[in-house]
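User: Hi! I am new to reading protein structures, and I would like to learn how the usual labels are justified. Could we go through this one together?
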Amino acid sequence: MTQQTDPSPPTAPAEPAARPAWSLQTGPHGPCLSVRGAWTVPHGGVMPFTAADIPPPPPGATSLSMDTTGITAWDSSFISFLWEAKQAAASAGLAFEQDGLPAPAQRLLALLPPNPAPPARHNSHKQNLLEKTGDLTLGTLNETGVAASLALDTTRGALQALHGKSRMRTKDLITDLWNAGPNALLIVGVVNFLIGAILAFVGLVELRRFAAEIYVTNLVGIACAREISAIMTAIIMAGRTGGAYAARIATMLGNEEIDALQVFGIPISSYILLPAILSLSLMMPLLYLYGTLIGILGGFVVSMSMMDVSPVGYWISTVNGVELKEFVFGFIKAFFFGSFIALAACRVGLKAGRSAADVGIAATRAVVIGIVGIIAMDAVFAVMANALGI
Amino acid sequence: MAESDTLISVRDVELSFGPKIIQQNVSFDLRRGSIFAVMGGSGCGKSTLLKSMIGLLRPTTGKILVGGEDYWAQNEHRRTQINHRFGVLFQSGALWSSMTVGENVALPIEMFSSQPPDVVRKLVELKLGLVGMEQAIDLFPSEISGGMRKRAGLARAIALDPDILFFDEPSAGLDPITSARLDDLILTLRDGLGATIVIVSHELPSLFTIADDGIFLDAVTHQPIAHGSPRDLRDHSTIPEVMAFMNRASTIPPTDETKADQHV
């Protein structure tokens, strides 16, 4: 609000603005509230005025009148004060006489409700333990069902695509394949190279004590092929691609793009989910293979500088030490990791709210669910492999 | 007209995105206390002109004088200071979605004044009370309707007691009753706050009710073709495009639609 200068008191402009103050006098029809000074926010114009500030009115008093001749300037803090005075007058049983106020202040005051309404609270009611457990169980079951039906839709779509009958756009698939594959090569390579190098370094330091340095080839090769590369690649992709999927779908939801698809009857599963899930589950095993080889290369580079073995000897030892089944195991795991990340990210995105904050929440949730899920799945795979004797 | 009566002077401003010219030769004065309408068909650059006045888009050439100061010649710090005289209501409210309505209004007050929390709270209640939204203070933007979001945006726009208010399509997407109430609210706030208002709109009834000055931007020639209040232009203008616009005729000129759609 602009500071409005009351035209009536021709005070000298050079005079320093007086602090706002008020006092109550007794008028003919009741108390008279007299205000003076520069009533603005920076001058401390927001001050409390409650019903307790009005002395018990004498019998016959009907109204609280205002005297504003001492006001030099005012802004919203003055309106705030007037509003409180009006409420105080109402609770003291007095009518609020606003004729003494500047006309603009009267107009603003008329906009305000008689009382600040009690704020509408969110519908939050405290749940007891049973309700919470029940909600959680139902939610989990429901979520499992929805995710399963999404997975089913996607699988069906993928089978249709094999027959060339899919309604997926090839262009979308190619874009997604490119984003989930070649675009990730650099970061997957760097991380796996360093992991391989670290494994080789730690392994060499320990194995040297037993004069078993050559087994570092097995250590690096088996660790990378069986576990580390699959997990590290999946974690990178969960953060990189999973988060991106969730954010993209949540934004589309906020822009009503998903609604538009639904109205046209374009199935979300074939338009959005299929390219995303297909590309990540196809690319993840390939990235895993690439990551494993780079990891072994990282181990090789460190070993060459720290141990006495010929390069050819290192490779021969690696090939002899790491069986093909380790690669097959990791390859299969990577496929499931990729499918899981993409499916979880899409589901989280579709379930998101419609605001900017919700997009952030969806991206975070997709990454967290992706990473935790991958590690849990890996544990399950380890148990299964143990039972099957792989 | 006295010098101090002019709050903003726009002088020969040209707006463009790269080689594409949006508007050129835009000149007008914004008088204190007036409600100034920026009119024109869809895509003629109304919102772009507004953006250049509130500091979001630098004009290619020309000057925008705010209180005699060349706005775009100032450094960023000074521009921010000048911006504190502005209150902007964006097209869909542009409330920050991670904050409650009350926090949305409180943020500028907390950032740019050192008032204790209870004072801030009181001011927030007041601003929301002025727009009739005091009951929504603790709700999130996603929990309120489009019309309420707009009013909450208005409460945020007046948070710092600005003396110039910019409204981008204030009544777009509102039903006629809500829209009429918003017009009343704008008029009351103008009188009560003593603010000057710039309004970008093509809602004719609303323009005729509230605006007392204005400029008409043409999408084909990319320049203003008429100045004056919407009522005046409706009753006295002889320019075919303006007549067609003001009277909602669909035929004149036939190329308008296609050309206009290429911009913005």
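User: What makes E1(B) and E2(B) a hairpin, and which residue in the turn has a positive phi?

Analyst: Happy to help! Keep in mind that this is a predicted model. Strand E1 (residues 6-17) and strand E2 (residues 20-31) of chain B run antiparallel and are joined by eight bridges. Pairing takes at least two bridges, so these strands count as paired. With two residues between them, E1(B) and E2(B) form a hairpin. In the turn, B:Gly18 has a positive phi of about 60 degrees. As one example of how the strands line up, B:Leu15 stands opposite B:Gln23 in E2(B).

User: How do you know that strand E4 of chain B pairs with E5(B)?

Analyst: The same kind of count is used. Two bridges join strand E4 (residues 61-66) of chain B to E5(B), and the cut-off is at least two, so E4 and E5 of chain B are paired. They run antiparallel, and B:Val66 stands opposite B:Glu69 in E5(B).

User: Why is the sheet E2-E1-E4-E5 of chain B called open?

Analyst: Four strands make up this sheet, with antiparallel pairing, in the order E2-E1-E4-E5. E2 and strand E5 (69-70) of chain B are at the edges, each with a single partner strand, so one side of each has no neighbour in the sheet.

User: Why is A:Ala211 called exposed, and what about its phi?

Analyst: A:Ala211 has 7 C-beta neighbours inside 10 Å. A residue is exposed at 12 or fewer, so A:Ala211 counts as exposed. A:Ala211 is in the loop between helix H5 (185-207) and helix H6 (216-254) of chain A. Its phi is positive, about 55 degrees, although A:Ala211 is not a glycine. Most residues other than glycine have a negative phi.

User: What makes B:Ala94 partly exposed?

Analyst: B:Ala94 has 17 other C-beta atoms within 10 Å. Buried needs 20 or more and exposed needs 12 or fewer, so with its 17 B:Ala94 is partly exposed. This residue belongs to the loop between strand E6 (86-89) and helix H3 (101-112) of chain B. B:Ala94 also has a positive phi, near 50 degrees, and is not a glycine.

User: How do you know that chain A is not a compact globule?

Analyst: Set the two values side by side. A compact globule of 390 residues would have a radius of gyration near 21 Å, but chain A has 36 Å. The C-alpha atoms of chain A fill a box of roughly 110 × 55 × 45 Å along the principal axes. The domain assignment gives domain 1 (4-8 + 15-111) and domain 2 (153-388), and the C-alpha centres of these two domains of chain A lie 69 Å apart.

User: What shows that residues 327-350 of chain A are helical?

Analyst: Over residues 327-350 of chain A, the chain is 100% helix and 0% strand, with end C-alpha atoms 34 Å apart. The unreviewed UniProt entry lists this stretch among its residues for "transmembrane region". Residues 362-385 of chain A, also in that UniProt list, are 100% helix and 0% strand too, with ends 33 Å apart.

User: Which elements of chain A touch chain B?

Analyst: In total, 26 residues of chain A are in contact with 28 residues of chain B. The elements of chain A that give two or more residues are helix H1 (76-91), helix H2 (103-111) and helix H11 (356-388). The residues on this side of chain A divide into 16 nonpolar, six polar and four charged.

Methods
Residues are numbered from 1 along each chain as its sequence is written. Chains are lettered from A and ligands numbered from 1 in the order in which they are written. This is a predicted model: local features need pLDDT of at least 70, side-chain atom pairs count only at pLDDT 80 or more; totals for chains, interfaces and linings use all residues. Two residues are in contact if their C-beta atoms, placed from the backbone, lie within 7 Å. Ala, Val, Leu, Ile, Met, Phe, Trp, Tyr, Cys and Pro count as nonpolar, Asp, Glu, Lys and Arg as charged, and the others, Gly among them, as polar. Domain bounds come from an automatic or database domain assignment. UniProt positions are given in the numbering used here, feature names are shortened, and annotations may be inferred rather than shown by experiment. The radius of gyration is taken over C-alpha atoms; the globule rule is 2.2 Å times the number of residues to the power 0.38.
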